[in-house]
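The following account leads the reader through a structure by way of its bound ligands and then through several individual positions. It is best read with the coordinates open alongside.

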Amino acid sequence: MTEATFVSSSPEETRALGERVGRALEAGDVIVLSGELGAGKTVFVQGLARGLGFEGRVSSKSFVLMGEYAGRIKLYHADLYRLDEPEMAEDLGLGEVTADGALVVEWPERAEYVVPPDALRGRFEVVDAGTRRLHFSAADGRAERLLRALTEEG
Ligand SMILES: Nc1ncnc2c1ncn2[C@@H]1O[C@H](COP(=O)(O)OP(=O)(O)OP(=O)(O)O)[C@@H](O)[C@H]1O
Ligand SMILES: [Mg+2]
């Protein structure tokens with residue numbers, strides 16, 4: 001298990017961390033982001049998309065459950081917050097989308113069974129109005145590659 005913690009002082013700083021990971025993303029990668037409402041999960045996803053070269057808008061997926069952004073590869077963005085039953089996540093086909101893209105999931109605790117063991121796990125905490133603590137853990141090589149992209153760059 002490899003871990004790293006960052007303190008972010010602004011949305012742009014959180015976005016920039018996401019961008020580093022986005023530049024390293026490959027099809028098949030899965031990232032799951034936990035943390036209370038407003039912790040910065042979607043802001044981080046905006047950075048992931050930017051790192052992939054996606055120039056459109058990334059918004060909160062609370063009602064849509066799943067968004068899709070095409071950059072260097074595809075990024076699928078699922079938000080399970082409004083999932084009524086864990087089993088309903090099966091209908092989203094989260095296991096299949098990683099054949100041609102990377103997947104990021106907000107609120108994975110709504111359906112923990114969708115999280116593969118090789119996912120990069122992020123846990124975001126609100127420290128104060130402008131400050132967030134971002135904790136990442138990787139249990140295996142695929143996720144460790146993404147974690148290295150976060151820690152080794154400027
Ligand atoms: N350091 C920071 N990093 C990220 N966001 C921050 C930071 N400081 C303040 N914010 C603000 O916190 C909010 C984060 O919103 P965001 O939609 O990313 O949260 P979320 O974790 O996705 O919440 P939800 O569970 O509702 O989807 C934004 O309004 C953002 O401007
Ligand atoms: Mg969100």
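A residue is taken to be near a molecule if one of its heavy atoms lies within 4 Å of that molecule. The structure is a predicted model, and ligand 1 is the starting point. There are 19 residues around ligand 1, and those that come nearest are Thr14, Lys41, Thr42, Trp107 and Arg132. By class, this shell comprises 8 polar, 6 nonpolar and 5 charged residues.

Several polar pairs can be followed from the ligand into the protein. A nitrogen atom of ligand 1 lies 2.6 Å from an N or O atom in the side chain of Thr14. An oxygen atom of ligand 1 is 2.9 Å from a polar side-chain atom of Arg132, and an oxygen atom of the ligand is also found 2.9 Å from a polar backbone atom of Val43. Taken alone, ligand 1 exposes 650 Å², of which the protein buries 77%. Two elements give two or more residues to the shell, namely helix 1 (11-24) and helix 2 (41-51). Helix 2 gives the most, with 3 residues.

The second ligand is a magnesium ion. Thr42, through OG1, and Glu106, through OE, coordinate this ion at 2.1 to 2.2 Å. The two residues belong to distant parts of the chain: Thr42 is in helix 2 and Glu106 is in strand 5 (residues 101-106), 64 residues apart. Are these coordinating residues buried or exposed? Thr42 has a relative accessible area of 16% and is therefore buried. Glu106 likewise counts as buried because its relative accessibility is 3%. In both cases the cut-off that matters is 20%, since a residue is called buried when its relative accessible area is under that value.

Helix 2 deserves a description of its own. Of its 11 residues, 8 are buried, so that the helix is mostly covered. The buried residues are Lys41, Thr42, Phe44, Val45, Gly47, Leu48, Ala49 and Gly51. Gln46, also in helix 2, is partly exposed because its relative accessible area is 24%. Leaving aside neighbours within four places in sequence, Gln46 is in contact with Arg15 and Val58. The C-alpha atoms of Gln46 and Ser60 are 9.8 Å apart in space, with these positions 14 residues apart in the sense of sequence separation. After helix 2 comes Gly53, whose phi is positive, near 90 degrees.

The loop between strand 3 (66-70) and strand 4 (74-79) holds Ile73. With a relative accessibility of 17%, Ile73 counts as buried. When neighbours within four places in sequence are set aside, Ile73 is in contact with Leu25, Glu26, Ala27, Leu52 and Ala102. A further relation across the chain joins Ile73 and Asp100, which are 27 residues apart along the chain and have C-alpha atoms separated by 7.6 Å.

The account now turns to strands 6 and 7. Arg123 is part of strand 6 (residues 120-128). Its relative accessibility of 43% is the reason why Arg123 counts as partly exposed. Not counting residues up to four places away in sequence, Arg123 touches Ser34, Arg133, Leu134 and His135. For one of these, Leu134, the C-alpha atom lies 5.9 Å from that of Arg123, although the two residues are 11 apart along the chain.

Strand 7 includes Thr131, which has a relative accessible area of 17% and is therefore buried. The side chain of Thr131 makes a polar contact of 2.6 Å with the side chain of Asp128. Beyond residues up to four places away in sequence, Thr131 touches Val7, Ser8, Glu125 and Val126. Ser137 is also located in strand 7, which spans residues 131-138. At 13% relative accessibility, Ser137 counts as buried. With residues up to four places away in sequence left out, Ser137 touches Met1, Thr2, Glu3, Ala119, Leu120 and Arg121.

To return to the ligands, Thr42 connects the two parts of this description: Thr42 is among the residues that come nearest to ligand 1, and Thr42 also coordinates the magnesium ion through OG1.

Methods: Residues numbered from 1 in each chain as written. Chains lettered and ligands numbered in written order. Predicted model: local features only at pLDDT ≥ 70, side-chain atom pairs only at ≥ 80, totals over all residues. Heavy atoms only, no water. Polar contact = N/O pair within 3.5 Å; in protein donor to acceptor, adjacent residues only side chain to side chain. Areas by Shrake-Rupley, 256 points an atom, 1.4 Å probe, with all protein chains shown as cover. Helix = DSSP H or I, 4+ residues; strand = E, 2+ residues; numbered from the N terminus. Nonpolar A, V, L, I, M, F, W, Y, C, P; charged D, E, K, R; others polar. Donors = N, O, S within 2.8 Å, 3.2 Å for Na, K, Ca; no water. Buried < 20%, exposed > 50% of the residue type's maximum accessible area, 1.4 Å probe, protein only. Contact = heavy atoms within 4.5 Å.
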